[in-house]
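The following account leads a new reader through one protein structure. It begins with a single local detail and then widens to the whole chain.

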Amino acid sequence: MNDYITVIGGGLAGCEAAYQIARRGIKVKLYEMKPIKFSPAHSNENLAEIVCSNSFKSNLHTNACGLLKEELRMLNSLLINCADKVSVPARSSTCCR
């Protein structure tokens, strides 16, 4: 049995998973293909890259996006916390710079 958990992919979900695992005191190995190989949607070598200016959509609790984000806030999501800190008004959306 491994003494760590392997997470494949350094996108938003992979980075959040790795953070939550590590926060619980479990060793984690995070693997990402960048900067060796880029998809057409990516432009930099950083992890958790936002590839769409409106990736997080609405905060309204009347839609799936808003409910999911509220659940992530209750679970102390690192990425939603960062997104909330840099959000800009766009009607009912949360956009990241």
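**A walk through the model**

A polar atom of the side chain of Ser 58 lies 2.9 Å from the backbone nitrogen of Leu 60. The model in which this distance is found is a predicted one. Ser 58 belongs to the loop between strand 2 and helix 2, the latter formed by residues 64-74. Its relative accessibility is 9%, and because buried means under 20%, Ser 58 counts as buried.

From this loop the view may be widened to the whole protein. Its secondary structure comprises three helices and four strands. Read from the N terminus, these elements follow the order β-α-β-α-α-β-β. The protein has 97 residues, of which 23% count as buried. Among the contacts with a separation of 6 or more, 39% are made by residues 24 or more positions apart.

Helix 1 deserves a closer look. It consists of twelve residues, 12-23, and at 1.5 Å a residue it should span 16 Å. The expected span is obtained by multiplying 1.5 Å by one less than the number of residues. The C-alpha atoms at the two ends of helix 1 are 16 Å apart, so the model agrees with the expectation.

Which residues of helix 1 are buried? They are Gly 14, Cys 15, Glu 16, Ala 18, Gln 20 and Ile 21. The cover over these buried residues of helix 1 includes strand 1 (5-8), strand 2 (28-31) and helix 3 (78-85). Just after helix 1 comes Gly 25, where the backbone adopts a positive phi of about 80 degrees.

Cysteines are the next topic. Cys 15, already met among the buried residues of helix 1, has a relative accessible area of 13%, and it is therefore classed as buried, since the limit for that class is under 20%. Cys 65 has a relative accessible area of 30% and is therefore partly exposed, as this value falls between the limits of 20% and 50%. A disulfide is a covalent bond between the sulfur atoms of two cysteines. The structure holds zero disulfides.

The last topic is the aromatic rings. A pair of such rings is described by the distance of the centres and the angle of the planes. The structure contains zero aromatic pairs. The ring of Tyr 4 nevertheless has a charged group over it: the charged end of Lys 29 sits there, 4.3 Å from the centre of the ring.

Definitions and conventions. Residues are numbered from 1 along each chain as its sequence is written. This is a predicted model: local features need pLDDT of at least 70, side-chain atom pairs count only at pLDDT 80 or more; totals for chains, interfaces and linings use all residues. Side-chain values use heavy atoms; hydrogens and water are left out. A disulfide is a pair of cysteine sulfur atoms within 2.5 Å. Buried means under 20% relative accessible area, exposed over 50%, partly exposed in between (1.4 Å probe, protein chains only). Contact means heavy atoms within 4.5 Å. A polar contact is a pair of N or O atoms within 3.5 Å; within protein, one must be able to donate a hydrogen and the other to accept it, and residues adjacent in sequence count only if both atoms are side-chain atoms. Rings of Phe, Tyr and Trp (its six-membered ring) pair if their centres lie within 6.5 Å; planes under 30 degrees apart count as stacked, over 60 as edge-to-face and the rest as tilted. A charge sits over a ring if NZ of Lys or CZ of Arg is within 6 Å of the ring centre and within 35 degrees of the ring normal.
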